[in-house]
Amino acid sequence: MAMAGLYRRILPSPPAIDFASSDGKKLFNEAIQSGTMEGFFKLISYFQTQSEPAYCGLASLSMVLNALAIDPGRKWKGPWRWFDESMLDCCEPLDKIKNEGITFGKVACLAHCAGAKVEAFRSNQSTIDDFRKYVKACTSSDDCHLITSYHRAAFKQTGSGHFSPIGGYHAETDMALILDVARFKYPPHWVPLTLLWEAMGTVDESTGHHRGFMLISRLQKAPSLLYTLSCKHESWISTAKYLMDDVPSLLKSEDVNGVEKVLSVVFTSLPTNFTEFIKWVAEVRRQEDGALSKEEKGRLSVKEEVLNQVRETGLFKHVKEWMSSVNSCCRSMSSLGDKDTLPEIAAHVCCQGAGILTGNPGSSYGFCCRETCVKRLKANGDAPVMMVSGTVVTGGSVTGGSEQGVDMLVPFSQIKSNCCGSDPSSSAGMHPASSDILTALLLALPPKTWSGIIEEKLSQEICGLVATEHLPSLLQEEVLHLRRQLHFLKRCQENKIDDDLGEPTT
């Protein structure tokens with residue numbers, strides 16, 4: 001029986017010029033000579049076809065992120081860290097994107113959450129001259145790429161709203177090269193920049209906002225050095241709402257009369273699974289990879305510096321004192337401390353690492369930790385390195401499965417301890433733990449969180465403890481990144497990210 005289907009579309013020309021045509025090749029060669037095809041080669045190296053009809057935004061973004069060599073910090077398949085459409089789900093469920101597509105604001109949100117620097121412009125907030133300037137700048141460099149959101153009708157093409165990256169610019173004819181990620185439909189093609197601007201000037205009916213363009217580039221430093229917010233567990237929605245909406249209201253109570261009371265108000269009502277919301281970032285490696293590289297040692301050193309800076313804040317001292325005095329049966333605090341000791345971390349992380357290395361990230365089912373140990377290594381005059389190692393058996397059987405050696409690099413903080421033993425696992429507070437994670441979370445809350453505290457002296461004290469302007473630069477960057485993450489996630493949860501796109505977060 002015959003099955004109906006479509007095999008590509010004929011590219012309407014004019015107004016577009018097929019990239020592979022003789023005219024398209026001529027434009028390409030002339031643009032190379034003019035220096036406005038520099039970004040093309042990185043993009044074409046990672047050019048991909050959207051895997052679903054509504055995944056144009058995801059395909060465009062994953063293509064650009066890979067072209068910028070941004071490390072996702074997550075495994076794609078096997079041991080490989082690589083951006084794929086399936087990994088871009090922090091701002092909108094993939095099932096919803098598959099059915100409805102994705103908005104301009106949420107693509108910008110995804111780019112931010114993926115660790116890129118994002119500058120987004122709606123067409124009604126910019127000018128064609130500005131757009132042309134940005135196109136020239138990005139096509140003349142390989143460290144910035146431009147994604148456009150436009151309506152196909154302006155080019156006499158079938159379909160409606162679409163996302164694709166710009167791969168080049170021909171100045172003499174004022175034409176831009178669209179690397180169309182719907183390659184099953186149209187090939188890459190040159191279009192008049194004025195017509196592309198017109199196509200971006202349309203309104204997305206799903207949001208009521210204009211389409212536009214965004215500049216995606218690398219941040220100078222990794223956005224998440226030690227801590228990050230995660231939306232992988234469904235509890236992130238209730239946790240984000242609690243932190244952004246409920247905490248400010250709770251702090252307006254007249255009973256809030258001291259720093260310890262403020263901490264009690266914030267922490268004792270946290271949602272049950274809030275520990276799934278904020279994580280400390282560990283680096284997992286195969287034991288067979290051998291000695292640590294200079295880059296691995298460097299990344300670990302930066303994490304350790306951030307950890308030390310957190311523990312030197314006045315806020316950390318208050319949090320630590322409050323946690324030592326809180327009742328041990330407190331549900332939220334108990335759940336946070338479940339894996340605070342390194343032996344427990346070892347058992348958990350080694351199984352998690354085995355899941356990653358076998359292409360099942362986030363799953364430890366079917367893995368058994370047969371051996372775990374905590375080592376403190378020092379060689380050639382380097383600073384000591386804390387490493388959690390384990391031998392994991394895959395296949396669900398300790399005797400019949402295959403073995404995989406896994407190492408986790410642990411940030412190590414030198415702090416005073418009453419413990420006299422030399423075993424690092426017996427010295428509390430040397431690795432990231434509850435108190436510094438909660439301190440980082442408090443620092444990341446927006447300043448307006450504390451505005452409802454009635455007692456003026458207490459309000460001033462709290463504002464001084466959480467102020468970011470006097471923090472060391474590394475910690476300040478870490479806190480401000482967490483704050484931006486929290487803002488984006490909350491606005492996505494409220495489905496309002498498109499309403500305030502481009503507004504600064506404070």
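**Notebook: A467 and the aromatic pairs**

I looked up A467 first and found this residue buried, with a relative accessible area of 19%; the cut-off for buried is under 20%, so A467 falls within that class. I note that the model is a predicted one.

I then placed A467 in the chain: the residue sits in the loop that joins α15 (456-466) to α16 (473-493). I also checked A467 against A444 and recorded a C-alpha to C-alpha distance of 9.8 Å, with their positions 23 residues apart in sequence.

I next turned to the aromatic rings, of which the structure holds 12 pairs. For F19 and F40, I read ring centres 5.7 Å apart and planes at 45 degrees, so I entered the pair as tilted. This pair links distant parts of the chain, 21 residues apart: F19 is in the loop between β1 (17-18) and α1 (22-34), and F40 is in helix α2 (residues 40-45). I found both F19 and F40 buried.

I went on to Y134 and F213, whose ring centres are 5.9 Å apart with planes at 50 degrees, so this pair is also tilted. Y134 belongs to helix α6 (residues 128-139) and F213 to strand β11 (residues 212-218), so the pair ties together parts 79 residues apart in sequence. I recorded F213 as buried, at a relative accessible area of 0%. I traced ring pairs that link Y134 and F213 with F121, F131 and W197 into a cluster.

Finally, I looked up charges over rings. K133 lies over the face of Y134, 5.0 Å from the ring centre. I also logged R183 over the face of F47, at 4.3 Å from the ring centre.

How values were computed
Residues are numbered from 1 along each chain as its sequence is written. This is a predicted model: local features need pLDDT of at least 70, side-chain atom pairs count only at pLDDT 80 or more; totals for chains, interfaces and linings use all residues. Side-chain values use heavy atoms; hydrogens and water are left out. Helices (H or I, at least four residues) and strands (E, at least two) are DSSP runs, numbered from the N terminus. Buried means under 20% relative accessible area, exposed over 50%, partly exposed in between (1.4 Å probe, protein chains only). Rings of Phe, Tyr and Trp (its six-membered ring) pair if their centres lie within 6.5 Å; planes under 30 degrees apart count as stacked, over 60 as edge-to-face and the rest as tilted. A charge sits over a ring if NZ of Lys or CZ of Arg is within 6 Å of the ring centre and within 35 degrees of the ring normal.
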